[in-house]
Amino acid sequence: MDDAVSTLTRDPAVGGLTTGAVARLLGVAPTTLRSWDRRYGIGPAFREGGRHRRWTAADIRLLECMCGLTNAGMPPAEAARAALAAASPEPLSGPDDHEGRAGRSASHAPGALPIGRARRECRGLARAAVRLDAHAMDELLAAAIERYGLLAAWESVIMPTLHAVGRKWETAGERYIEVEHLLSWHVSSALRRAASQRPPVAGSGVSLLACTPGESHTLALEALTAGLAQQGLPVRMFGAALPVEAMEEAVRRTGPAAVVLWAQSRSTASRALVARVESIEWGVRGARRRPVVLVAGPGWAGQLPPGARHPSGLAEALDALAAISRR
């Protein structure tokens, strides 16, 4: 942000920027900014005469975070929760439990917690992570999954807290990297416990989940694994950086109804790999079968293979895989 914008937006008394000016600054449509304000609480703290939006420097920083997340392929509702959690100073510092900006909006994505309540849950989990309090993290994660269900807990509590903690160590000279690692470990443990609660139902096709070669981010796939397991759908989770040859062998041995390939970054998203997996066949002659391949993760944004299915989030991925598995 240049000096002129910083000076103009530092104090609401100076006037702030209009929605049109902010839209030009960020390269988005004014209607998009108004929609984000109305639906997700991503709006200015100050309104001229109580009506006209005037955006301060802090408001614009929040919008920049929101734009970055949506540009990376995150759905707007999830991006808003992550941006609000990242912008809040409470999760990694003070003990106050006020709702802040998010409390102004009662709008939220279907199946998700109201934003104000989700912010409180995020703050509690983040504080436990900063204290490196393993027992508290386990209790808070288990309680959130039990109270709200896996889908809402993941989208409204777990993922925004992970984003907030990750953003904190990135902006603090990596001081909090041990916090992120410990939190990720306990999230993974909570998801595995959730996945073990119900045996698979016979007769459904198996889903094979794997990160692309070179990709080490597994938590989103672990959440998907747990969601499928809770529905009684068989799943095989192969985790991080599965080599191409091992992936092909796993497909041939399991004969999956669907394969999900996760890529967190563009460097690990391979269209050639998708085509290779889609071409694998098994079964007797005359009744050969191939898997349905879904690509998942922000790494695929802007470079989807032709005709590829790219679920926008956990809920959409669960619905798609459930439909494929039960055919």
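At what angle do helix H2 and helix H3 pack? In this predicted model, H2 (residues 19-26) and H3 (residues 30-40) pack at about 110°, and their axes are 8 Å apart. Angles from 65 to 115 degrees count as roughly perpendicular, so that is the word for how H2 and H3 stand to each other.

Let's zoom in on that meeting point. From H2 come Thr19, Val22 and Ala23, and they meet Pro30, Leu33 and Arg34 of H3. Sort the residues of this contact by class and you get 4 nonpolar, 1 polar and 1 charged. Leu33 also turns up in the list of buried residues in H3, along with Ser35, Trp36, Asp37 and Tyr40. Right after H3 comes glycine 41, with a positive phi near 80°.

Now for helix H4, which covers residues 57-71. Here's a nice check you can do yourself: at 1.5 Å a residue, its 15 residues should span 21 Å. The C-alpha atoms at its ends are 21 Å apart, which agrees. H4 has quite a list of buried residues: Ala57, Asp59, Ile60, Leu62, Leu63, Cys65, Met66, Cys67 and Leu69.

**The sheet**

Next, find the open sheet of 4 strands. Reading across, the order is E4-E3-E5-E6, and the pairing is parallel. Why do E4 and E6 each have one side without a neighbour in the sheet? Strand E4 (235-237) and strand E6 (292-296) stand at the edges and have a single partner strand each, so one side of each has no neighbour there. Going from one strand to the next, the twist averages 15°.

Two helices are worth spotting here. Helix H10 (residues 219-230) packs on the sheet and touches E3, E4 and E5. The direction of H10 makes about 165° with that of E3. Helix H13 (residues 314-325) lies across E3, E5 and E6, and runs at about 170° to E6.

Strand E5 (residues 258-262) pairs with strand E3 (residues 207-211) in the parallel sense, over 5 bridges. E5 is also joined to E6 by 5 bridges, and these two strands run parallel as well. Here are some of the residue pairs to look for:

| Residue in E5 | Residue opposite or bridge partner | Strand of that residue |
|---|---|---|
| Valine 260 | Leucine 209 | E3 (residues 207-211) |
| Tryptophan 262 | Cysteine 211 | E3 (residues 207-211) |
| Alanine 258 | Valine 292 | E6 |
| Valine 259 | Valine 293 | E6 |

How many of the residues of E5 are buried? The count is 5 of the 5, so E5 is largely enclosed by the rest of the structure. Ala258, Val260 and Trp262 point one way from the strand, Val259 and Leu261 point the other way, and all are buried. Its neighbour E6 is mostly covered too, with 4 of its 5 residues buried.

**Two residues with a positive phi**

Most residues other than glycine have a negative phi. With that in mind, have a look at leucine 132, whose phi is positive at about 55° although it is not a glycine. You'll find leucine 132 in the loop between helix H6 (115-130) and helix H7 (134-148). Is leucine 132 buried, partly exposed or exposed? Its relative accessible area is 43%; buried would need a value under 20% and exposed one over 50%, so leucine 132 is partly exposed.

Alanine 241 is another case, with a positive phi near 45°. Its place is the loop between E4 and helix H11 (244-254). Alanine 241 has a relative accessibility of 35%, so it counts as partly exposed.

**A buried glutamate**

One last stop: glutamate 155, which sits in helix H8 (residues 150-171). With a relative accessible area of 7%, glutamate 155 is buried, because buried means under 20%. So what does it touch? Leaving out residues up to four places away in sequence, the contacts of glutamate 155 are Glu78, Arg81, Pro160, Leu314 and Ala315. Try following the chain from glutamate 155 to glycine 313, too: they are 158 residues apart in sequence, but their C-alpha atoms are 8.7 Å apart in space.

Definitions and conventions:
Residues are numbered from 1 along each chain as its sequence is written. This is a predicted model: local features need pLDDT of at least 70, side-chain atom pairs count only at pLDDT 80 or more; totals for chains, interfaces and linings use all residues. Side-chain values use heavy atoms; hydrogens and water are left out. Two strands pair if DSSP finds at least two bridges between them. Axes are lines fitted to C-alpha atoms, for helices over the stretch in contact, and angles run from 0 to 180 degrees between N-to-C directions. Contact means heavy atoms within 4.5 Å. Buried means under 20% relative accessible area, exposed over 50%, partly exposed in between (1.4 Å probe, protein chains only). Angles under 35 degrees count as roughly parallel, over 145 as roughly antiparallel, 65 to 115 as roughly perpendicular and the rest as oblique. Ala, Val, Leu, Ile, Met, Phe, Trp, Tyr, Cys and Pro count as nonpolar, Asp, Glu, Lys and Arg as charged, and the others, Gly among them, as polar. The expected span of a helix is 1.5 Å times one less than its number of residues.
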